[in-house]
Amino acid sequence: MGTHYCHLKLDERRKLAKWLEAKMPISEIADRLGRDPSTIYRDIKRNRYTDGELPELNGYHALVAQEKYEQRRAIHRKMIIHPDLKAAIEDRLKAGWSPEQIAGRMRLERHPIRVSHETIYRFAYSKDGREEQFYRHLPEHRRRRRPRGYRKHNRAHIFDIQSLSHRPERVSERFEFGHWECDLMMFRKEHGKVNVTSLVERVSRYAVVIRNEDRQSKPIMESLINGLVPLPAAARKSITFDRGTEFSAWKYLKAGIGADAWFCDPQAPYQKGTVENTNSRLRRYLPRSTAPTALTNRYLRSICHRLNATPRKCLGYRTPAEVFESNLMEIQKRLE
């Protein structure tokens with residue numbers, strides 16, 4: 001069972017200052033206050049007043065010690081002390097950024113007042129944050145964090161495939177640009193067969209979302225070809241799929257745009273974790289209850305723009321769009 005550390009109060013600091021002035025031993029002061037001696041030593045060290053110009057004023061003073069203590073505590077309440085900061089963080093959360101992305105981007109942009117992602121979470125789940133239901137702005141909109149469940153898979157066999165275990169190391173380790181991961185996002189059955197293909201480039205985490213009218217494999221492959229063909233060949237070298245039958249017509253890719261296809265092991269979607277992670281981000285805007293009429297190309301492009309303009313920790317808090325465009329420029333320079 002954990003213990004709760006109770007900080008010294010102002011009346012205790014007044015007694016401490018008086019007894020220190022009387023040269024009382026720390027052990028006796030601790031006994032009188034009912035505190036551990038280490039607590040007394042720590043408070044004296046952290047809250048001692050030092051004046052370089054007037055050294056005779058140096059020492060432990062109760063009111064000064066209390067003020068220094070409150071200033072340190074205020075650091076953990078930045079979002080209350082600075083309402084503009086809280087409003088800016090709230091806007092970013094509403095735009096789909098995670099607390100970690102917000103904190104990382106602040107460091108990258110060298111904001112004068114910054115917070116860590118833990119500070120954002122602590123505020124959201126604090127008494128003040130709960131009163132205004134700030135947790136609703138977090139990515140999962142939950143009152144408490146909970147363990148992730150496991151997806152159930154019921155896949156048929158696809159033959160003549162290239163296993164992920166044979167994928168070159170330069171692709172697996174994200175050393176080479178132009179390799180993608182792909183998955184299908186489904187919606188409730190009462191909405192029909194309409195679904196979307198989610199496509200993510202592994203190095204930049206750049207996302208593309210495409211609407212499909214059903215799960216037939218050949219039309220899905222044709223939409224992938226149409227979506228990637230405007231890119232230079234070096235930006236569309238391969239795509240990694242799971243064993244879903246909707247990807248059984250993978251050979252059209254090679255014939256259409258020259259891209260290789262790699263397949264995860266059965267019931268192992270974690271092997272294409274980049275697109276799985278992207279799907280969880282997309283679900284903020286495309287929940288399973290989404291009606292097909294809402295899946296217009298304009299709406300899907302706006303979602304992609306939002307995801308691709310959000311900084312990512314794995315990219316040093318650059319955005320997927322920035323990294324993707326940088327790699328395309330390098331390819332263009334090589335071609336010139």
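Two strands pair if DSSP finds at least two bridges between them. In this predicted model, β2 and β3 form a hairpin with 5 residues between them. The hairpin strands belong to an open sheet of 5 strands, and a nonpolar core of 26 residues draws on several strands and helices, among them β1 and α11. The chain averages a pLDDT of 86.

**Confidence**

- A pLDDT of at least 70 is reached by 91% of the residues.
- Residues 147-155 have a pLDDT below 50, and this stretch makes 9 contacts in the model beyond near neighbours in sequence.
- Where pLDDT is low, the predicted coordinates should not be read in detail.

**The sheet**

- The strand order is β3-β2-β1-β4-β5, and the pairing is mixed.
- β3 and β5 are the edge strands, each pairing on one side only.
- From one strand to the next, the twist averages 25°.
- β1 and β2 run antiparallel and are joined by 6 bridges.
- β1 pairs with β4 in the parallel sense, over 3 bridges.
- In the pairing of β1 with β4, His179 stands opposite Ser238 of β4.

**The hairpin and strand β2**

- Strand β2 (residues 195-201) and strand β3 (residues 207-212) run antiparallel, with 6 bridges between them.
- Arg205, in the turn of the hairpin, has a positive phi of about 60°.
- Asn195 has Asn212 as its bridge partner in β3.
- Val196 has a bridge partner in β3, Arg211, and Met185 also stands opposite Val196 of β2.
- β2 is mostly covered, with 7 of its 7 residues buried.
- Asn195, Thr197, Leu199 and Glu201 point one way from β2, while Val196, Ser198 and Val200 point the other way.
- Both of these sets of β2 residues are buried.

**Nonpolar cores**

- In soluble globular proteins, nonpolar side chains tend to be buried together.
- The largest nonpolar core has 26 residues, and Leu224, Ile239, Phe241, Phe247 and Leu253 have the most contacts inside it.
- At least two residues of this core come from each of β1 (179-185), α11 (217-228), β4 (238-241), α12 (251-257), β5 (260-263) and α15 (320-335).
- Helix α11 gives the most to this core, with 5 residues.
- Leaving aside residues up to four places away in sequence, Leu253 touches Met221, Leu224, Ile225, Ile239, Phe241, Gly258 and Ala259.
- Of those neighbours, Leu224, Ile239 and Phe241 are also listed with Leu253 among the residues with the most contacts inside the core.
- A second, separate core has 15 residues, including Met79, Leu85, Ile89 and Tyr121.

**Leu16**

- Leu16 lies in helix α1 (residues 10-21).
- Its relative accessible area is 0%, so Leu16 counts as buried, the cut-off being under 20%.
- Leu16 touches Leu8, Ile29, Ile40, Asp43, Ile44 and Tyr60, with residues up to four places away in sequence not counted.
- Leu16 and Ala321 are 305 residues apart along the chain, and their C-alpha atoms are separated by 58 Å.

Key. Residues numbered from 1 in each chain as written. Predicted model: local features only at pLDDT ≥ 70, side-chain atom pairs only at ≥ 80, totals over all residues. Heavy atoms only, no water. Helix = DSSP H or I, 4+ residues; strand = E, 2+ residues; numbered from the N terminus. Buried < 20%, exposed > 50% of the residue type's maximum accessible area, 1.4 Å probe, protein only. Contact = heavy atoms within 4.5 Å. pLDDT = per-residue confidence, 0-100. Core = buried A, V, L, I, M, F, W, Y, C linked by side-chain atoms within 4.5 Å. Axes fitted to C-alpha atoms, helices over the stretch in contact; angles between N-to-C directions.
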